[in-house]
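Visitor: Please take one part of this structure, the pairing of strands, and describe it closely together with its surroundings.

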Amino acid sequence: MDIYEEIELMGCPYCGGAGFLDDGNGWCWTVTCMDCGSQTGEFAYNSPEERATAARRAAYVWNIGKVIRSDLGE
C-alpha cells in the first residue's frame with residue numbers, strides 16, 4: 001500500500017487547513033499546512049525500511065498538534 005494512502009492527517013492545529021505529507025527529497029518526512037505554513041520537524045530515515053516509520057512519526061506529531069509556526073514579528 002502507498003504510504004500516502006495509508007496515513008490520515010487531521011486539519012492544521014492552528015488554522016484547520018489541509019496538511020501535506022512531504023518526502024523531503026528522499027531523506028526525511030515533514031507535514032506542512034497548505035494554508036498557514038505551520039509544519040512538523042523533520043523525521044529522517046536512512047533506509048527504505050525506516051521510510052514508512054518516519055512518515056508515520058511525522059503524521060502522528062502533526063495529528064497531536066506538535067507543530068512549528070512562525071507568526072509575523074518572530
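Guide: Two strands are taken to pair if DSSP finds at least two bridges between them. Strands (E, at least two residues) and helices (H or I, at least four) are DSSP runs, numbered from the N terminus. The model is a predicted one, in which local features need pLDDT of at least 70 and side-chain atom pairs count only at pLDDT 80 or more, while totals for chains, interfaces and linings use all residues. Residues are numbered from 1 along each chain as its sequence is written, and side-chain values use heavy atoms, with hydrogens and water left out.

The sheet is open and has three strands in the order β1-β2-β3, with antiparallel pairing. Its edges are β1 and β3, each of which pairs on one side only. In general, strands of a sheet pair through backbone hydrogen bonds, in either a parallel or an antiparallel sense. Here β1 and β2 run antiparallel and are joined by five bridges, whereas β2 and β3 pair in the antiparallel sense over two bridges.

Individual positions show the register. In the pairing with β2, Asp23 stands opposite Trp29 and Asp22 stands opposite Thr30. Where β2 meets β3, Cys28 stands opposite Ala44. The hairpin of β1 and β2 has four residues between the strands, and Asn25 in that hairpin takes a positive phi near 60°.

Accessibility comes next. A residue is buried under 20% relative accessible area, exposed over 50%, and partly exposed in between (1.4 Å probe, protein chains only). By this measure β2 is mostly covered, since five of its six residues are buried. Trp29 is buried at 0% relative accessibility. Asp23, across from Trp29 in the pairing, is also buried, with a relative accessible area of 17%.

The covered strand leads to the nonpolar core, defined as a set of buried Ala, Val, Leu, Ile, Met, Phe, Trp, Tyr and Cys residues joined through side-chain atoms within 4.5 Å. The largest such core has 14 residues, of which Ile7, Leu21, Trp29 and Trp62 touch the most other members. Both β2 (28-33) and α2 (48-63) supply at least two residues of this core, and the largest share, five residues, comes from α2. Contact here means heavy atoms within 4.5 Å. Leaving aside residues up to four places away in sequence, Ile7 touches Leu21, Ala55, Arg56 and Ala59.

Trp29 also takes part in a ring pairing. Rings of Phe, Tyr and Trp (its six-membered ring) pair if their centres lie within 6.5 Å, and planes under 30 degrees apart count as stacked, over 60 as edge-to-face and the rest as tilted. The count by this rule is one aromatic pair. Its members are Tyr4 and Trp29, arranged edge-to-face at 5.7 Å centre to centre, with 70° between the planes. Tyr4 lies in helix α1 and Trp29 in strand β2, so the pair ties together parts that are 25 residues apart in sequence. In contrast to the buried Trp29, Tyr4 is partly exposed at 41% relative accessibility.

Charged side chains provide further links. A salt bridge is a side-chain nitrogen of Lys or Arg within 4 Å of a carboxyl oxygen of Asp or Glu, and by this rule there are two. One joins the side chains of Asp23 and Arg51 (2.9 Å, N to O). Because Asp23 lies in strand β1 (residues 19-23) and Arg51 in helix α2, that pair ties together parts 28 residues apart in sequence. Arg51 is partly exposed, with a relative accessible area of 28%. Another joins the side chains of Arg56 and Glu6 (2.8 Å, N to O). Arg56 belongs to helix α2 and Glu6 to helix α1 (residues 3-6), so this pair ties together parts that are 50 residues apart in sequence. Arg56 is partly exposed at a relative accessible area of 39%, and Glu6 is partly exposed at 34%.

Finally, two loops adjoin the strands. Asp35 lies in the loop between β2 and β3 (43-44) and is exposed, with a relative accessible area of 61%. Not counting residues up to four places away in sequence, Asp35 touches Cys15, Gly17 and Ala18. Ser47, in the loop between β3 and α2, is buried, with a relative accessible area of 18%.
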